[in-house]
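The following paragraphs lead the reader through a single protein model. Please keep the sequence and the structure in view while reading.

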Amino acid sequence: MVTIVKHEWHSHDRQYAIELDEDLLSEIYPDLKKKELKKLLKDIENGDVDVDEVMSDAYDNDVEIEWDFQY
């Protein structure tokens, strides 16, 4: 599992996070097999896959990302 954090700057900083796991990746990439999802998650953990690309793919595939407010 990978925790992704994003910041939003308005008049103050807001931080949100999401835990990216195989279940969420399977929603984003429904055509990938379990083994491919595990490899993708490992590549994300290692920094070999750009997280922004994954979030863009989620948006393109109509997968709603539920960001958790951190503070």
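Two strands are said to pair if DSSP finds at least two bridges between them. Strands (E, at least two residues) and helices (H or I, at least four residues) are themselves DSSP runs, numbered from the N terminus. The model is a predicted one, in which local features need pLDDT of at least 70 and side-chain atom pairs count only at pLDDT 80 or more, while totals for chains, interfaces and linings use all residues. Residues are numbered from 1 along each chain as its sequence is written, and side-chain values use heavy atoms, with hydrogens and water left out.

A suitable starting point is strand β2, residues 13-20. Two bridges join β2 to strand β3 (residues 68-69), and the two strands run antiparallel. Within β3, Phe-69 is the bridge partner of Tyr-16. Burial is judged by relative accessible area: under 20% is buried, over 50% is exposed, and values in between are partly exposed (1.4 Å probe, protein chains only). Six of the eight residues of β2 are buried, so this strand is largely enclosed by the rest of the structure.

The two bridge partners also meet through their rings. Rings of Phe, Tyr and Trp (its six-membered ring) pair if their centres lie within 6.5 Å; planes under 30 degrees apart count as stacked, over 60 as edge-to-face, and the rest as tilted. A search of the whole structure finds one aromatic pair. This pair is formed by Tyr-16 and Phe-69 in an edge-to-face arrangement, with 5.5 Å centre to centre and 65 degrees between the planes. Tyr-16 in β2 and Phe-69 in β3 are 53 residues apart, and the pair thereby links distant parts of the chain. Tyr-16 counts as buried because its relative accessibility is 15%, whereas Phe-69, at 47%, is partly exposed.

Attention now turns to the interior. A nonpolar core is a set of buried Ala, Val, Leu, Ile, Met, Phe, Trp, Tyr and Cys residues joined through side-chain atoms within 4.5 Å. The largest such core has 18 residues, of which Leu-20, Leu-24, Leu-25, Ile-28, Ile-44, Val-54 and Ile-65 touch the most other members. At least two core residues come from each of β1 (2-9), β2, α1 (22-28), α2 (34-46) and α3. Helix α2 gives the largest share, four residues. Contact means heavy atoms within 4.5 Å. Beyond its neighbours within four places in sequence, Leu-20 is in contact with nine-part company that includes Met-1, Ile-4, Leu-41 and Met-55.

Helix α3 spans residues 51-60. Asp-50 caps its N-terminal end, with a side-chain oxygen 3.1 Å from the backbone nitrogen of Asp-52. In this helix Val-54, Met-55, Asp-57 and Ala-58 are buried. Seen down the axis of α3, the buried residues fall within an arc of 155 degrees (taken from the directions from the helix axis to the C-beta atoms), so they line one face of the helix. The face turned away from this buried side carries the exposed residues Asp-52, Tyr-59 and Asp-60. Ser-56, also in α3, is partly exposed at 35% relative accessibility.

After α3 comes Asp-62, whose phi is positive, near 55 degrees. Val-63 lies in the loop between α3 and β3. With a relative accessible area of 11%, Val-63 is buried. Leaving aside neighbours within four places in sequence, Val-63 is in contact with Leu-24, Glu-27, Ile-28 and Ala-58.

How values were computed. A polar contact is a pair of N or O atoms within 3.5 Å; within protein, one must be able to donate a hydrogen and the other to accept it, and residues adjacent in sequence count only if both atoms are side-chain atoms.
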